[in-house]
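Got your viewer open? Here's a walk through the model, one selection at a time.

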Protein chains: 2
Amino acid sequence: MKIDFEKSGGLVPAIVQDATTGRVLMLAMMNQLAWEMTVETKKATFFSRSRNKLWVKGEQSGHTLEVVGLQTDCDQDAILVQVNPTVKGVCHEGYESCFFRTLEDGEWQVTEEKVYDEQATYEVKP
Amino acid sequence: MKIDFEKSGGLVPAIVQDATTGRVLMLAMMNQLAWEMTVETKKATFFSRSRNKLWVKGEQSGHTLEVVGLQTDCDQDAILVQVNPTVKGVCHEGYESCFFRTLEDGEWQVTEEKVYDEQATYEVKP
């Protein structure tokens, strides 16, 4: 039984969840190699569509994600990655989670504070 | 500020999370109309790629998902849907979550029990 990478043209969505708090931190895509590297290295690794290359999360920021659990769904076309962040703050915009905007009365509102200084962390925006 | 449905050809991945337990229950795709219906009706609604049509989760099984929160990520190309399931068991295979397989020693293992009788619930497999 394998992940179905072909269904969506070689990329499968991977949900990243904080293993301790349960918070959903981000969603990114994995190709076969990113998946194998994630399993092998226990560092969450993705395929960046915008940069068209493999992307070890934290390679630039130092905010790597230690993988402590991997699950797949009924159709084997999505992955759930349980992680322990080595540094708080997964989002390149400075927030703990990329999901920092909440729909309130029909408008997106930023509903939390930043947890690190993203401008000091990223010399070049990812 | 709007969801970026164009980036991936009109469909955006939506992560469904139990608002009470934090468990990730499923991942499905939304198009613009599924998104608008989800916001409007507060029932999680998706676009089924296999059936090529709008899909109100639970329309067949009765296991609808009451939406209590909606978040989007930094790139506005993913949605996090916080729900209260009206009936326990989101997966059409009988499990609480579609993510019922865990990677253990390099093999996918079913790591939990079914929570409802899916054969009695679905006359025709979805």
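**Stop one: a strand in the middle of things**

Select β1(A): 6 of its 7 residues are buried, so the rest of the structure largely encloses it. Buried here means that 20 or more other C-beta atoms lie within 10 Å of a residue's own, exposed means 12 or fewer, and partly exposed is in between, with C-beta atoms placed from the backbone. Strands (E, at least two residues) and helices (H or I, at least four) are DSSP runs, numbered from the N terminus.

Before moving on, some housekeeping. You're looking at a predicted model, where local features need pLDDT of at least 70 and side-chain atom pairs count only at pLDDT 80 or more, while totals for chains, interfaces and linings use all residues. Residues are numbered from 1 along each chain as its sequence is written, and chains are lettered from A and ligands numbered from 1 in the order in which they are written.

Which strands pair with β1(A)? Add β2(A), which pairs with β1(A) in the antiparallel sense over 6 bridges, then β6(A) (residues 79-85), which pairs with β1(A) in the parallel sense over 5 bridges. Two strands count as paired if DSSP finds at least two bridges between them. To see individual partners, pick A:Val16 with A:Met26 in β2(A), then A:Ile15 opposite A:Leu80 in β6(A).

**Stop two: the turn**

Follow β1(A) into β2(A): the two form a hairpin with 5 residues between them, and A:Gly22 in the turn has a positive phi of about 85°. Now click A:Arg23, in the loop between β1 (12-18) and β2 (24-30) of chain A. Is A:Arg23 buried or partly exposed? It counts as partly exposed, because it has 16 C-beta neighbours inside 10 Å. Leaving aside neighbours within four places in sequence, A:Arg23 is in contact with A:Gln17, A:Asp18 and A:Ser97; contact means that the C-beta atoms, placed from the backbone, lie within 7 Å. Try the distance tool on A:Arg23 and A:Glu96: they are 73 residues apart in sequence, yet 9.4 Å apart C-alpha to C-alpha.

**Stop three: zoom out to chain A**

Show the whole of chain A as a cartoon and you'll find 2 helices and 8 strands, running β-β-α-β-β-β-β-β-β-α along the sequence. The C-alpha atoms fill a box of roughly 40 × 35 × 30 Å along the principal axes. Of the 126 residues of chain A, 37% count as buried.

**Stop four: across to chain B**

Turn on both chains: 25 residues of chain A are in contact with 25 residues of chain B. On the chain A side, the elements giving two or more residues are β1, β2, β5 (65-72) and β7 (101-104). The largest share, 4 residues, comes from β5(A).

Stay on β5(A), which pairs with β7(B) (residues 101-104) in the antiparallel sense over 2 bridges. One pair to label is A:Gln71, opposite B:Thr102.

**Last stop: a sheet from both chains**

Colour these strands in order: β8(A)-β7(A)-β5(B)-β6(B)-β1(B)-β2(B), an open sheet of 6 strands with mixed pairing. What stands at the edges? That's β8 (107-110) of chain A and β2 (24-30) of chain B, each with a single partner strand, so one side of each has no neighbour in the sheet.

Inside this sheet, select β1(B) (residues 12-18) and β6(B) (residues 79-85), which pair in the parallel sense over 5 bridges. Finish on B:Ala14, opposite B:Ile79 in β6(B).

Technical notes:
Two residues are in contact if their C-beta atoms, placed from the backbone, lie within 7 Å.
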